Amino acid sequence: MTLANSKFGTAQPVKRREDTRFLTGHGRYLDDTVPGGALFGFVFRSSVAHAEITDLDVTEAEAADGVHLVLTADSFEAAGGTNKMGASIISNRDGTQGAAPVRPILATGRVRFVGEAIAMVVADSLEQANDAAELIGFEYDDLPVHMDLSEGGPAIHPEAPDNVAYDWGIGDAEKTDDAFKSAAFTTKVEIGDNRIIANSMEPRGCWAAIEDGRLHMEYSGQGVWGLKGSLSSTLGIDKTDVHVTTPDVGGGFGMKAFDYPEYFMVAQAAHTLGRPVRWQADRTESMLTDNAGRDLVSTAELAFDANHKITAYRVNAVSNMGAYNSTFAQFIQSDLASKVLMGGYDVQAAYFSNQGIYTNTTQVDAYRGAGRPEAIYVLERAIDYAARELGVDAMELRRKNFIPADKFPYTSVTGELYDVGDFHKVLNRTEVEADMAGFTARKATSAKTGKLRGLGVCYYIESILGSPDETAHVEFADTGRVNLYVGTQSNGQGHETVYAQMLHEYTGIDIDLIDVIQGDSDRIAQGGGTGGSRSVTTQGTANKAVAEKTIETFRHFVAEQLGAHEVAFEDGAFRAESSNTVMTLIEAADAARDQGRDDLLNVTATTTLPGRSYPNGCHAAEVEIDPDTGVTEVVKYTVVDDFGVLMNPMMAEGQVHGGVVQGIGQAISEHVVYDEDGQLLTATFMDYGMPRAADMPMIDFHSEPVPSTANVLGMKGCGEAGTVGALAAVANAMWERGVRHADMPFTPQRVWQMLGGK
């Protein structure tokens with residue numbers, strides 16, 4: 001038996017190892033790791049969306065019971081900190097740089113959204129910190145609020161007088177214009193993509209302490225090295241004196257991959273006081289201040305020849321950037337979208353433009369893979385809309401325009417090199433698995449009960465990579481166990497199981513002896529963190545490389561031990577030539593330790609992927625609508641995905657299930673609402689429509705893999721795929737009774753009105 005067919009090898013549905021401790025209350029989340037005697041931080045926040053600060057008096061708060069420190073912009077800088085968050089800025093279409101206003105860690109001079117941090121009170125208890133914050137004197141002069149997703153209006157930043165963050169474009173505008181002028185048919189549709197909140201199960205939080213003269217920060221995040229560098233530069237501390245760790249993390253969704261002001265406040269407070277300081281957001285605080293997602297309006301145009309072949313597409317998107325640039329917001333809302341915007345379609349000309357607008361809301365940066373879902377949602381809504389306008393079958397329109405399998409590798413009009421794919425095969429499988437032939441009968445059955453029934457399809461393609469570099473390190477501990485150090489960070493995806501499977505697969509080491517170590521900037525020299533579905537491809541490639549290097553590191557030593565000229569490694573053990581004598585890696589490590597060969601016990605490998613991988617697939621959703629009430633229910637859901645090689649099919653299916661639920665949540669119920677004054681009206685779960693288990697259908701999952709050529713594993717990544725496909729699949733099922741414009745979320749009132757209700 002080869003390892004590939006063993007119980008824990010490739011493509012085996014191994015149960016998640018970490019679930020035992022999670023489900024029995026033995027997880028180690030942020031609140032479980034706080035040092036004894038830590039002080040509590042409470043953030044005093046703006047209650048208005050836009051105002052000049054005329055006075056900030058913290059003297060009473062400083063004198064309150066239990067208070068050790070009140071941190072403001074002035075005291076933060078007086079302690080040596082730089083009161084400025086970092087941000088990446090892109091180039092505009094005219095070659096100038098996008099707007100780059102300073103986002104302060106603590107507000108100075110002006111506040112620009114409800115919930116913006118003004119001060120942090122540090123006290124013996126959370127109650128004392130909260131009470132002291134009530135004593136802060138905050139006086140201000142109101143300024144006009146800008147909530148419209150449009151140029152002009154009251155300026156939020158002097159650096160952006162028209163509230164334009166950036167004006168970006170990609171593609172060949174002239175060629176695209178020519179294609180539209182000569183087209184036999186054109187279609188145009190405006191598509192809204194509603195704003196949503198990440199709402200991870202565990203809200204954001206952190207604690208900091210000074211340990212042996214070094215700053216140690218632990219936070220609930222998606223990687224440690226970015227924050228390590230930011231803390232060093234912002235607080236003026238040498239990188240070698242900064243230690244960042246993450247415990248178990250209760251959900252991230254991209255939202256926890258970025259720097260936030262509270263991390264710097266807590267670190268500065270701990271550094272100033274010489275005491276551990278902790279901060280944990282409550283749910284409303286998270287809803288006010290976490291990077292949100294989506295919130296853009298796109299106008300999509302398609303040009304067709306006489307045979308309904310797409311000749312060109314043109315999309316103009318306007319994105320809400322919130323009050324500030326937040327880390328990678330400009331890149332996420334523009335460049336990432338363009339990489340996947342035309343999906344798997346064979347198109348000769350395209351132009352994509354995106355304008356970012358500042359508003360007096362919290363920032364938009366990432367959520368469930370921001371950039372990719374927005375792009376596919378726009379494309380697949382436009383395709384479905386065009387099919388109805390042209391009077392053709394939507395499935396056949398997709399087939400006619402797919403990139404043929406024999407044209408791969410294929411360079412898209414936006415410059416993406418798709419390595420492999422067979423979109424026809426995936427679509428055909430979906431048609432069978434979803435029993436589309438039986439839809440007419442199911443629709444008739446629904447009609448007998450007074451319900452409308454719709455069928456929607458979405459074909460998606462993702463662009464996966466992030467940083468192409470990743471590192472893995474194997475350590476044979478003197479306990480007999482093997483530590484695998486990785487540069488990614490699990491937020492619930494099951495990395496501990498998958499990575500242990502990989503090391504077992506390649507080395508034969510008993511999976512029960514493998515411990516996966518993550519989230520520690522001291523123990524792991526470098527890493528790219530988790531985000532954009534990059535983990536299985538980038539980290540998996542590094543894991544394979546370190547396994548192979550480990551085998552080679554021990555080969556000569558084992559040959560000496562077995563008295564052989566050469567040894568082969570197969571079926572999980574070294575074997576001497578012309579002999580049945582074998583030695584496993586664990587046995588070899590024990591022998592090396594006994595002989596003082598500690599140089600063999602630690603092996604590191606860093607790999608760089610040559611290009612992106614492109615997971616793709618098809619989602620089919622059926623909805624039932626009660627026309628009298630507008631209540632919409634997803635009653636049947638089918639997914640066929642091409643994730644390339646699957647290390648653990650059961651876990652991949654679980655990832656898809658979670659993503660589909662998230663997508664259905666946005667399509668049916670989730671929606672962030674602000675009033676005209678910039679006050680958040682959906683700041684609790686009483687008001688914000690999170691999806692519930694009772695609202696979800698059974699999700700039928702199938703794999704139709706075409707192995708990637710962009711990494712040695714043949715894998716493509718799957719973390720965001722469920723959401724990417726679900727949005728458009730559900731929305732495309734809503735074309736009943738002649739409806740030609742339907743924007744999410746499909747709440748009962750909106751659907752009832754859409755169907756003609758008064």
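## A walk through the chain

Start with the whole chain selected: buried residues make up 60% of its 758 residues. What you have open is a predicted model, so colour it by confidence before going further. The chain averages a pLDDT of 92, and 96% of the residues score at least 70.

Now pick out two weak spots. Select residues 1–5, where the pLDDT is below 50; in the model this stretch has 13 contacts beyond near neighbours in sequence. Then jump to residues 366–370, another place with pLDDT below 50, this time with 30 contacts beyond near neighbours in sequence. Where pLDDT is low, don't read the predicted coordinates in detail.

Next, switch to a cartoon view of the full chain. You'll be looking at 21 helices and 28 strands. The radius of gyration is 27 Å, close to the 27 Å that the globule rule gives for 758 residues, so the chain is as compact as a globular protein of that length. Turn it around and you'll see C-alpha atoms filling a box of roughly 85 × 75 × 55 Å along the principal axes.

Try showing contacts too. Of those with a separation of 6 or more, 80% are between residues 24 or more positions apart.

Time for a surface view: the accessible surface comes to about 28000 Å², and 50% of that belongs to carbon and sulfur atoms. Colour by charge, and you have 60 positive and 106 negative charges, with mean positions 7 Å apart.

Last stop: select residues 585–594, which is helix α18. Which residues are buried in α18? They are Leu 585, Ile 586, Ala 588, Ala 589, Ala 591 and Ala 592. Step just past the helix to Gly 596, which takes a positive phi of about 75°.

Technical notes:
Residues numbered from 1 in each chain as written. Predicted model: local features only at pLDDT ≥ 70, side-chain atom pairs only at ≥ 80, totals over all residues. Heavy atoms only, no water. Buried < 20%, exposed > 50% of the residue type's maximum accessible area, 1.4 Å probe, protein only. Helix = DSSP H or I, 4+ residues; strand = E, 2+ residues; numbered from the N terminus. pLDDT = per-residue confidence, 0-100. Contact = heavy atoms within 4.5 Å. Rg over C-alpha atoms; globule rule 2.2 N^0.38 Å. Areas by Shrake-Rupley, 256 points an atom, 1.4 Å probe, with all protein chains shown as cover. Lys, Arg positive; Asp, Glu negative; His and termini not counted. Charge placed at Lys NZ, Arg CZ, Asp CG, Glu CD.
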